[in-house]
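Open the model in your viewer and keep the selection box at hand. We will go from stop to stop, and each stop tells you what to pick.

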Amino acid sequence: MTSELRMNGERLMASLYELGAIGALPQGGVCRLALSDEDRQGRDWAVARMQALGLSVTVDAIGNTVGVYPGLTDTPPVMMGSHIDTVATGGLYDGNYGVLSGLEVIATLKDAGMRLRRPVAVAFFTNEEGSRFQPDMMGSLVYQGGLALETALATRGIDGVTVGDALRQIGYAGPASVGDNRVDSYFELHIEQGPVLDEEGLAIGVVDGVQGISWTEFHLQGVSNHAGTTPMRLRHDAGYVAARIGVFARQLAQELGGDQVATVGHLVFTPNLVNVIPDTVTLTVDLRNTDAEALRLAEQRLWAFAEQAAHEEGISVSRNMLARFEPTPFAPEMVELVAAQARLRGLPSRRMPSGAGHDAQIMAAMCPAGMIFVPSVAGLSHNINEFTAPQDLIAGANVLLGAVVQRADRA
């Protein structure tokens with residue numbers, strides 16, 4: 001039966017463009033930072049879609065929003081989901097594609113007059129991106145019990161506003177409780193956000209797990225001084241140490257090889273003037289690896305190098321963990337279900353890990369979870385030029401449809 005079901009591709013694409021108009025940037029792309037007014041508008045739009053489908057909609061105390069399509073039994077739902085917040089230079093598809101495809105799965109079931117054995121749910125989780133509030137994947141972490149609600153609500157964003165205040169301001173501090181959720185299983189459909197599928201000409205990525213993630217923020221404290229009169233041997237230059245850490249992070253990833261990657265994505269100099277030696281620098285290093293031990297080794301070597309480099313320059317260094325997630329393997333039965341649906345539909349695929357963090361890795365701690373990837377042209381994401389061809393988006397959504405029907409209708 002699942003191979004006969006096809007979703008309405010034109011309707012899916014129209015919904016992607018419609019949501020993408022909320023927070024649209026003049027040069028293309030989208031900016032809907034978590035719990036901003038643009039995020040509120042996007043949430044309102046998505047909730048209206050859920051209500052139009054007749055779903056039972058709940059909003060919990062961290063703003064996670066879930067719509068449920070009832071099944072033939074009163075059992076935990078098979079859930080689909082992702083997020084609709086974006087980075088400041090986001091594209092149309094990151095996160096939104098998974099949520100809107102989930103709604104299209106339910107619309108397809110309704111069009112066919114089908115009720116499955118188990119309920120089917122669609123969720124969008126709060127602050128997946130982590131651009132405004134850290135850590136990322138905050139909403140799903142609270143949902144599955146990995147982060148205390150009180151801690152999340154007290155988190156202060158880059159603009160000084162707390163999560164709790166921002167939720168109240170946009171009207172999404174919902175009444176539903178957190179921590180007692182029951183979910184049968186979880187699927188997340190997403191663009192790859194990397195170049196592998198596009199480069200290999202494949203339609204579907206069968207995701208077998210998510211890389212571990214380590215975000216470290218370094219704070220370097222040196223001495224500000226005149227750039228022309230201070231001899232090199234007498235400097236305590238925080239900028240110099242920051243540069244050494246950045247270069248070391250890249251060399252470390254190259255030396256360790258395999259799946260190890262390292263990125264310095266945030267760097268702020270103070271006073272940030274052309275003729276003044278910087279006394280203060282804040283920088284972040286993002287380390288990722290599919291191997292837990294290799295990731296720990298990379299962290300230890302990076303931290304040791306930072307301490308040594310600071311000592312040699314005569315400055316101080318402190319560090320703060322912004323986020324830390326272990327590598328997450330997905331449930332084999334969920335991985336095989338996705339692979340089988342790709343085969344059934346004649347779509348070329350490969351198994352692969354996810355290099356990006358996703359709500360699915362958080363949900364995997366509370367239920368069997370799986371992911372489906374579709375190609376990102378040139379591997380671009382978190383970029384206004386992010387693009388996936390409509391035929392690839394529709395193919396991935398049909399794989400999701402088939403996998404959900406199989407999972408929710410099992411005996």
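How many cavities of 30 Å³ or more does the count come to? The count comes to 1 cavity. Keep in mind that this is a predicted model.

**Stop 1: the cavity**

Select Phe218, Trp303, Ala306, Glu307, Val317, Ser318 and Arg319. These residues line the largest cavity. Its volume is about 30 Å³. Now colour by element. Helix H9 and strand E12 are the elements that give two or more residues to this lining. Colour by class next. The lining of the largest cavity has 4 nonpolar, 1 polar and 2 charged residues.

**Stop 2: the open sheet**

Switch to the cartoon view. Select E9, E11, E7 and E12. These 4 strands form an open sheet, and the order is E9-E11-E7-E12. The pairing is antiparallel.

Which strands are at the edges? They are E9 and E12, the latter spanning residues 316-325. Each edge strand pairs on one side only. Look along the sheet for its twist. From one strand to the next, the twist averages 15°.

Zoom in on E9 and E11. This antiparallel pair is joined over 8 bridges. Pick phenylalanine 269 and look across. Valine 281 in E11 stands opposite phenylalanine 269.

**Stop 3: two helices on the sheet**

Add helix H8, residues 238-256. H8 packs on the sheet and touches E7, E9 and E11. The direction of H8 makes about 10° with that of E11.

Now add helix H9, residues 292-313. H9 also packs on the sheet, touching E7, E11 and E12. The direction of H9 makes about 165° with that of E12.

**Stop 4: the largest pocket**

Select Trp215, Thr263, Asp286, Arg288 and His382. Of the 46 residues that line the largest pocket, these lie nearest its centre. The pocket has a volume of about 1,400 Å³.

Which strands each supply at least two residues of this lining? Select E7 (212-221), E9 (261-270), E11 (280-289) and E14 (349-354) to see them. Then colour the lining by class. You should find 12 nonpolar, 22 polar and 12 charged residues.

**Stop 5: the second largest pocket**

Clear the view. Select Ser56, Thr58, Asp60, Asn64, Val66, Val68, Pro77, Met79, Tyr143, Ala176, Ser177 and Asn181. Together they line the second largest pocket. Strand E1 (56-59) and strand E2 (65-69) are the elements that give two or more residues to this lining. The volume of the second largest pocket is about 210 Å³. By class, its lining has 6 nonpolar, 5 polar and 1 charged residues.

**Stop 6: a helix pair**

Two packed helices are described by the angle between their axes and the distance between the axes. Try that on helix H1 (residues 9-20) and helix H2 (residues 37-52). They pack at an angle of about 150°. Their axes are 10 Å apart.

Why is H1 called roughly antiparallel to H2? The angle is about 150°, and angles over 145 degrees count as roughly antiparallel, so H1 is roughly antiparallel to H2.

Show the side chains at the contact. H1 brings Ser15, Glu18 and Leu19. H2 brings Gly42, Trp45 and Arg49. By class, the residues of this contact divide into 2 nonpolar, 2 polar and 2 charged.

**Stop 7: the loop between the two**

Select leucine 35. This residue lies in the loop between H1 and H2. Check the phi angle of leucine 35. Phi is near 65°, a positive value in a residue other than glycine.

**Stop 8: two cis peptide bonds**

Select glutamine 134 and proline 135. The peptide bond from glutamine 134 to proline 135 is cis, and omega is near 15°. Where is proline 135? Look in the loop between strand E4 (120-124) and helix H4 (138-144).

Finish with threonine 270 and proline 271. A cis peptide bond joins them too, with omega about 10°. Proline 271 has its place in the loop between E9 and strand E10 (276-277).

Conventions. Residues numbered from 1 in each chain as written. Predicted model: local features only at pLDDT ≥ 70, side-chain atom pairs only at ≥ 80, totals over all residues. Heavy atoms only, no water. Axes fitted to C-alpha atoms, helices over the stretch in contact; angles between N-to-C directions. Parallel < 35°, antiparallel > 145°, perpendicular 65-115°, else oblique. Contact = heavy atoms within 4.5 Å. Nonpolar A, V, L, I, M, F, W, Y, C, P; charged D, E, K, R; others polar. 1 Å grid on protein atoms, 1.4 Å probe; cavity = no way out; pocket = protein on both sides within 12 Å on 5 of 7 lines; lining within 4 Å. Points joined across faces, edges and corners; volume = space filled by probe spheres on them. Pairing = 2+ DSSP bridges.
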